[in-house]
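Q: I'm new to looking at protein models. Could you walk me through a few features, one at a time?

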Amino acid sequence: MQDTDARGSSPAFLRPQNGSSHRSLGYVPGRIAPLRPPLPSQSHAAAEFTSVRQEARTRLPSLPVDQHPCQAEANRHKNTLICFAISSLSLFVALGIFLGIASRYAPDENCPDQNPRLKSWSPGKDPEKRVFIKKGDLFRLDSDATVHSIVIQDGGVLVFGDDKEGSKNITLRTRFILIKDGGMLHVGAEKCRYKSKATIILYGKSNEGADVPEFGKKFIGVGPEGTLELHGHQKLSWTLLSKTMHFSGLAYGHYTFKKNFSRGLNVRVIDQDTAEVLEVLKFDTHEFSEDSLKLQNLLKNGSPGRIVAIAVGDSAAKNLMEETRVTIQNVLGSKFVKGLSYRQAWAFVGVIGGGNSSSNESVRNYENHSTGGKALAQKEFFTVDGQKFVVKAYSEWNDGVPISGFQVEAVGGVILNLLDDVSSWEPGDRIVVASTDYSMYQTEEFTLLPCPECTKHQVKVKENPQFPHAGEVIDGVDMRAEVGVLTRNILIKGEMANTCYHEKECQFFNYDTFGGHIKILKNFTSVHLSYVELNQMGQQQIGSYPVHFHLCGDVDEKGGYNFKTYLEGLSIHHCFSRCVTVHATNGLLIKDTIGYDTLGHCFFTEDGIEERNTLFHNLGLVTKPGTLLPTDRNSSMCIGIRDKVYGSYVPVPATDCMAVSTFWISHPNNHLINNAAAGSQDAGIWYLFHRIATGDSHSLALETKSELTPLGIFYNNRVHSNFK
């Protein structure tokens, strides 16, 4: 890319200032040269001031003839100073207004999409179109597009358009994007985060077309001198519950009861503060008047504020005494109980001492072993913690069978109490709550609802929990469940087939596992990813992972990068091969990243020579077995996969396989700080040190000297809900 255009204007993007063409010591990701209106020239300003001064002099009143010359001279100097002050003030005010207006409409130099040299680019929807963005091509994508592939090279630039309102919502669908030889792809910048919704969909099957050398298929690839900058809206990545999340959203769980031929008045007494069902009673007021008296005494002696639900089974009227009917009317506020007759279906929900305004009831007439419908009564209440719940009672005749029942359940969403400020989470976001049991499969996903009544430490979820999730420190042990947000406004996802179609993978998976992947090679110019969502990424083949730094060497200051290479705030979920693979790469920072529901080792250092990498405050959960390495595999994969098995040797799963881990660390000189391994098929964190390098680094015959290397920082990491 040229530093200046034909008109000699400022460069679109600043070229790296160091001697290396592929590393940018002074490179500011996405920075655009500043555009400022020129100040008025000194000669022009001086001329303007002179004319103003002369005009002021002509307007001075003429001196009286008899005025003393010294006094006149003093007055003249005084008037000149006044005019000078007024003129200067006017000039500065005008200049301030001019600069204010200019800066308001000038592009923000930190925002790559606001570069005036960019050309709007709308390639349309042509799945056969192969796009090459090269020298002189500075494109801003402003609309949805589908193409075969995109190669950005020789100084070409592709930027996703954005606006202040965040209303662009652009989807790009392609088989692959290759960035190399000075090419750049920008979606937002670190100092100008993307506000709209950007989606990159990588499509294609494993049996379609030829592989791109070193990258394969269905990828975003960064080669030498390539730049990839993706920066989404910043939000808290994950936190902890600060209060236990109960099964069904209620402290005592939901309650359901249904029974046929339960004759009489079926009664439930419920605590309004906790939604707990306190008493389960049945009064056969059809057959026994004594039961009518028992019900009467129960209501008269009941605690005010208690919820009472009543449902008729079969019939309840024959020996329901008049005094009992009056008690139900006065204590609970029923309107229909006085007229209750033989085999009528009646359902009631009310509050002791609450009167008619706090009750709901329904009645249906009996007609030849049937009714005109179900008598359903329901009323909503709030627990002392603010959780809304509903109490339902119902009664009906159906094909000659009397049916009665009750329900107590949370409604309108369940409120979660969280440790940190989660005001950056938005309605519609998907979140995941970790298991606090032995099984990782009690991890649950939820959708956030609007919650005007919530504090900044609370959210409301749409679905009712199926399992309890601890939110306390119990006996000195921190049992609080991790809670992570999965949604980001920059989404990269693989487009998947409906079923598994590749015979090798279909032995073990009944779904397509050929997702997209991001691969970065050595000598890239700049790679920084923050607050990006990766979904349906990774492939069950070596080298194709959601994010893969492949043989990159030193990617920090030691490697000549003034801006440390990092991954921050990524959400990697429902993926098919690992989370982040660090392969013969040193000095990478992985921070605040979530890896959820993935296959194979999640955060993975590969060959045993990776050093100085920092994993800080990452969350991994539901790490499932994969097929790539023996340590990834479960018992059936271990026995069923015979590749590279020596002779007739039969692998032993317990010793040769079954070691899939959320964090797989193969060299001691790496740092793990404040991470959480919250559920794996086998292990949470596994350190395995090699004597010599493995994999692609094996041919280098490098001694890792791991036994002589001090362990890096290992501090405040959490591990739970793993099978080993």
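**Reading pockets, sheets and contacts**

A: Sure, let's start with a pocket: about 320 Å³ of space lies in the second largest one. Its lining has 20 residues, and Lys243, His246, Gly249, Asp385 and Gln387 are the closest to its centre. Keep in mind that this is a predicted model.

Q: How would anyone find empty space like that, and which strand gives the most to the lining of the second largest pocket?

A: The general idea is that rolling a probe the size of a water molecule over the atoms shows where empty space is left. In this case, strand β23 (residues 414-417) gives the most to the lining, with four residues. By type, the lining of this second largest pocket splits into eight nonpolar, nine polar and three charged residues.

Q: What about the largest pocket: what is its volume?

A: The largest pocket has a volume of about 870 Å³. It is lined by 36 residues, and Ile542, Leu628, Leu629, Pro630 and Lys644 lie nearest its centre. Here the lining divides into 15 nonpolar, 11 polar and 10 charged residues.

Q: On to sheets. What is the order of the strands in the open sheet of 10 strands?

A: In general, strands of a sheet pair through backbone hydrogen bonds, either parallel or antiparallel. Here, the open sheet of 10 strands runs β4-β7-β10-β30-β33-β36-β39-β42-β45-β48, and the pairing is parallel. The edge strands are β4 (145-146) and β48 (718-719), each of which pairs on one side only. For a peek inside the sheet, take β33 (residues 533-535) and β36 (residues 571-573), which pair in the parallel sense over three bridges. There, Glu533 stands opposite Ser571 in β36.

Q: Is Arg718 buried or exposed?

A: The idea is to compare its relative accessible area with a cut-off: under 20% counts as buried. Arg718 has 17%, so it is buried. You'll find Arg718 in strand β48. Its side chain makes a polar contact with the side chain of Asp478 (3.0 Å), and another, of 2.9 Å, joins it to the side chain of Glu482. Beyond its neighbours within four places in sequence, Arg718 also touches other residues, including Leu240, Asn675 and Ala676.

Q: And where is Arg140?

A: Arg140 sits in strand β3 (residues 138-141). Its side chain has a polar contact of 3.3 Å with that of Asp142. Arg140 and Gly161 are 21 residues apart along the chain, with 5.7 Å between their C-alpha atoms. Gly161 is one of the residues in contact with Arg140, as are Trp121 and Phe160.

Terms used: Residues numbered from 1 in each chain as written. Predicted model: local features only at pLDDT ≥ 70, side-chain atom pairs only at ≥ 80, totals over all residues. Heavy atoms only, no water. Helix = DSSP H or I, 4+ residues; strand = E, 2+ residues; numbered from the N terminus. Contact = heavy atoms within 4.5 Å. Polar contact = N/O pair within 3.5 Å; in protein donor to acceptor, adjacent residues only side chain to side chain. Pairing = 2+ DSSP bridges. 1 Å grid on protein atoms, 1.4 Å probe; cavity = no way out; pocket = protein on both sides within 12 Å on 5 of 7 lines; lining within 4 Å. Points joined across faces, edges and corners; volume = space filled by probe spheres on them. Nonpolar A, V, L, I, M, F, W, Y, C, P; charged D, E, K, R; others polar. Buried < 20%, exposed > 50% of the residue type's maximum accessible area, 1.4 Å probe, protein only.
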